[in-house]
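Reader: I should like to learn how the features of a protein model are read. May we work through one example together?

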Amino acid sequence: MAAQRRNLMQSHQSWTDDLPLCQMCGVGTAPNCVYGPDGKGTQSHPNEDGHLRFRGEDGCFLYGVFNGYEGSRVANFVCQRLTAELLLGQLNSNHTDSDVRKILTQAFDVVEKSYFETIDDALAEKAHLSNYLLPHSEGQKVQERLKELEQEVSGGATAVVALMFNNKLYIANLGTNRALLCKSSSDGQNQVLQISRPHSTENEDELQRLASLGVDPARVKQAGQIAGQSSTRRIGDYRVKFNYNEIDVLSAAKTRPIIAEPEIHRSLSLDGVTGFLLLMSEGLINALESAHGPEQANQEIVAMVAAELAQQTSLEAVAQSVVDRIKRLHHDVYVSGRQRATYCSRHEDMTLLIRTLNYPFADGALTPTQGGRIYPVSVPYSNNQSTSKTSVTLSLVMPSQNALTNGTNTASTLDEGTPTPGSQSPTTTLQSTNTQTQSSSSSSGDGSLFRQRGSQAAQPDETGRVPPYVDFSQFYQLWGSDHCDGQSTQGGLGPQ
């Protein structure tokens, strides 16, 4: 097996071509975007994220999301090489938890060393040319070459990796991506566990680690970034690995302060677990938190996934729909001009990987809303643990043509274009969860999150109208597009 790995790594063929993809997961992506004054977005650079989702032997599965920066070279390299270090015979059923953790840590170390070997020659040439003082004509050529070399060797990546082995879940995190595990119980409760924690300039444990190396943690925290990134652990990025003494906030470090050592979180048994695992890139997390605040980000994205799983039959469609929804929320907050709009002028590349764990799809069981279309409705949310207010999205599930009424199949009596009251009224489903400051939280659909509206009356505008408490605009738009044969919904559904 070791010889097979060496031969594959030395060949020009991508060895992952023959490795089976896992069919029990889906991935959604969106490129970075910068909004102009008119609300239109433009992509500022090629997508730099990466991901992997492979099925190994003996019930072993490997998933990963990688947030690249200053190019996709490192993220792409890690996707290829990390899989080679974990799925080509390194793991066997006799390995203990300690063995698996050690193998994971060693794999990251080998991957980074291998990456730097690929740019050794370029780094050597760059160092050689940097020492020359040449006449202007020759110096200009040297500067152009130095610029080319810098583009070739710069950049890095952060990673969150999930290994399912011996029916246990291992999470290896390095940087600022995130892993969530949602466990569903028979009574409808959802327990949301954030398994990873960000290695950033705001992480007190990371600041203490840097302090032990001679770095001033107060300066790092105040700066907020190190060489353009908030992460304190990354793969690649030669500047912070070899030239860290030339970086102001790291100049006092006794040894390499920015490391590629992952934090391996305790193994979790998957016996009897029903739910799903989410791996998210930093860009996805930041986009949602910028739009709605960080207080409910975990619960909100779990709610979005659960809502899409209730209507989709493809995990690819589920993951992409959630990413598209977050992208839309981010954009809508920016164009709204509201308080959080200043945080939403741009977003980075977004990647979401979903792996279900015995979780039913939309057609897995009959429910009163089977086959219905979920339409979003925005309702103000008040968090009694915080003074901030955000908007949490509910869903109106509109019955399909073969809607269920009182548990029996009936033909829909809805007009083609307009929802009507009565027996075919939409079902309201709560898709959020109780807020918690811990890494674990539970929820139910009792609606207790949504407090009564404040006693202070809203002030009417110049037309004599007050702002609506529930925003149905997106609901009307999506309903109209689905039921009006492509005709404009202006002047149709909704208040006139």
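Reader: Is Tyr63 buried or exposed?

Author: The model is a predicted one. A residue counts as buried when its relative accessible area is under 20%. Tyr63 has a relative accessible area of 0%, so Tyr63 is buried.

Reader: Which ring stacks with that of Tyr63?

Author: A pair of aromatic rings is described by the distance of the centres and the angle of the planes. The ring centres of Phe61 and Tyr63 are 6.4 Å apart and the planes stand at 0 degrees, so this pair is stacked. Phe61 is also buried, because its relative accessibility is 13%.

Reader: Which charged residue sits over the ring of Phe61?

Author: Arg355 does: its charged end lies 4.9 Å from the centre of the Phe61 ring.

Reader: How many residues of strand E5 are buried?

Author: Strand E5 covers residues 61–69, and 9 of its 9 residues are buried, so the strand is largely enclosed by the rest of the structure. Both faces are covered. On one side the buried residues are Phe61, Tyr63, Val65, Asn67 and Tyr69, and on the other they are Leu62, Gly64, Phe66 and Gly68.

Reader: Which strands pair with E5?

Author: Strand E4 (residues 49–55) runs antiparallel to E5 and is joined to it by 7 bridges. In that pairing, Phe54 stands opposite Leu62 of E5. The two strands form a hairpin with 5 residues between them, and Asp58 in the turn has a positive phi of about 55 degrees. Strand E6 (residues 156–165) also pairs with E5 in the antiparallel sense, here over 9 bridges. Tyr69 stands opposite Gly156 in E6.

Reader: Where else does a positive phi occur in a residue that is not a glycine?

Author: Asn167 is one such case, with a positive phi of about 60 degrees. Asn167 is found in the loop between E6 and strand E7 (168–174), and its relative accessible area of 40% makes it partly exposed. Asn358 is another, with a positive phi of about 55 degrees. Asn358 lies in the loop between strand E14 (350–357) and strand E15 (373–382), and at 62% relative accessibility Asn358 counts as exposed.

Reader: How is the order of strands in an open sheet to be read, and which are the edge strands?

Author: The order names the strands as they lie side by side. One open sheet of 3 strands has the order E3-E2-E13, with antiparallel pairing. Its edge strands are E3 (41–42) and E13 (346–347), each of which pairs on one side only. Strand E2 (residues 33–35) is joined to E3 by 2 bridges, and Tyr35 stands opposite Gly41 in E3.

Reader: Which helix lies across this sheet?

Author: Helix H11 (residues 315–336) lies across E2 and E13, and runs at about 20 degrees to E2.

Reader: How many aromatic pairs does the whole structure contain, and which one involves Tyr35?

Author: A search of the whole structure finds 6 aromatic pairs. Tyr35 and Tyr334 form a stacked pair, with 5.2 Å from centre to centre and 25 degrees between the planes. Because Tyr35 lies in strand E2 and Tyr334 in helix H11, the pair ties together parts that are 299 residues apart in sequence. Tyr35 is buried, with a relative accessible area of 9%. Elsewhere, ring pairs link Phe77, Tyr115, Phe116 and Phe242 into a cluster.

Reader: At what angle do helices H9 and H10 pack?

Author: Two packed helices are described by the angle between their axes and the distance between the axes. Helix H9 (residues 282–292) and helix H10 (residues 297–309) pack at about 105 degrees, with their axes 10 Å apart. The two helices are therefore roughly perpendicular to each other. Leu284, Leu288, Glu289 and His292 in H9 meet Ala297, Glu300, Ile301 and Met304 in H10.

Reader: Which residues does Arg209 touch, leaving aside those up to four places away in sequence?

Author: Arg209 lies in helix H6 (residues 204–212) and touches Thr232, Arg233, Pro257 and Ile259. Arg209 and Pro257 are 48 residues apart in sequence, while their C-alpha atoms are 8.3 Å apart in space. At 17% relative accessibility, Arg209 counts as buried.

Definitions and conventions:
Residues numbered from 1 in each chain as written. Predicted model: local features only at pLDDT ≥ 70, side-chain atom pairs only at ≥ 80, totals over all residues. Heavy atoms only, no water. Pairing = 2+ DSSP bridges. Helix = DSSP H or I, 4+ residues; strand = E, 2+ residues; numbered from the N terminus. Contact = heavy atoms within 4.5 Å. Axes fitted to C-alpha atoms, helices over the stretch in contact; angles between N-to-C directions. Phe/Tyr/Trp six-rings, centres within 6.5 Å; stacked < 30°, edge-to-face > 60°. Buried < 20%, exposed > 50% of the residue type's maximum accessible area, 1.4 Å probe, protein only. Lys NZ or Arg CZ within 6 Å of the ring centre and 35° of its normal. Parallel < 35°, antiparallel > 145°, perpendicular 65-115°, else oblique.
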